[in-house]
Amino acid sequence: MDEKRRHPRSDVEEPAHVSFNGTSLSCLVRNISAEGAAIDVANAAYIPERFRLVTTLGKVLNCRLVWIKRNRIGVAFES
């Protein structure tokens, strides 16, 4: 399959948190690029359309939910 992304994704296994409305849920970043990421969450039904991804290094990324496949979600980073 040809890669159609403008920025290649790097495989990672980095613990992080999904943060929204005063709630913080643990997650695991599976791959990441300059434009987005794939993240494993316990229950994708609880993830809102927009949230912040907070990494263990303290980096905060504003995210927009793009797709859901079981407990994995794809997100695009926003400014």
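**A six-stranded barrel and its core**

Biologist: How many bridges join β1 to β2, and which way do the two strands run?
Modeller: In this predicted model, strand β1, spanning residues 10-20, is joined to strand β2, spanning residues 23-32, by 9 bridges, and the two strands run antiparallel. Within that pairing, Ala16 stands opposite Cys27 in β2.

Biologist: What do the strands build as a whole?
Modeller: They form a closed barrel of 6 strands with antiparallel pairing, in the order β1-β2-β3-β6-β5-β4, and the twist from one strand to the next averages 45 degrees.

Biologist: And the largest nonpolar core, how many residues has it, and which have the most contacts inside it?
Modeller: That core has 18 residues, and those with the most contacts inside it are Ile39, Val41, Phe51, Leu53, Ile73 and Val75. The elements giving two or more residues to this core are β1, β2, β3 (36-41), β4 (50-55), β5 (60-69) and β6 (72-78).

Biologist: What does Phe51 touch?
Modeller: Leaving aside residues up to four places away in sequence, Phe51 touches Val18, Ser19, Phe20, Leu61, Asn62, Cys63, Ile73 and Val75.

Biologist: Switching to Asp40, where is that residue found? Is Asp40 buried or exposed?
Modeller: Asp40 is found in strand β3, and Asp40 counts as buried because its relative accessible area is 18%, which falls under the 20% cut-off.

Biologist: Which side chain does Asp40 have a polar contact with?
Modeller: The side chains of Asp40 and Arg30 are joined by a polar contact of 2.7 Å. Again not counting residues up to four places away in sequence, Asp40 touches Arg30 along with Cys27, Leu28, Asn71 and Arg72.

Conventions: Residues numbered from 1 in each chain as written. Predicted model: local features only at pLDDT ≥ 70, side-chain atom pairs only at ≥ 80, totals over all residues. Heavy atoms only, no water. Pairing = 2+ DSSP bridges. Helix = DSSP H or I, 4+ residues; strand = E, 2+ residues; numbered from the N terminus. Axes fitted to C-alpha atoms, helices over the stretch in contact; angles between N-to-C directions. Core = buried A, V, L, I, M, F, W, Y, C linked by side-chain atoms within 4.5 Å. Buried < 20%, exposed > 50% of the residue type's maximum accessible area, 1.4 Å probe, protein only. Contact = heavy atoms within 4.5 Å. Polar contact = N/O pair within 3.5 Å; in protein donor to acceptor, adjacent residues only side chain to side chain.
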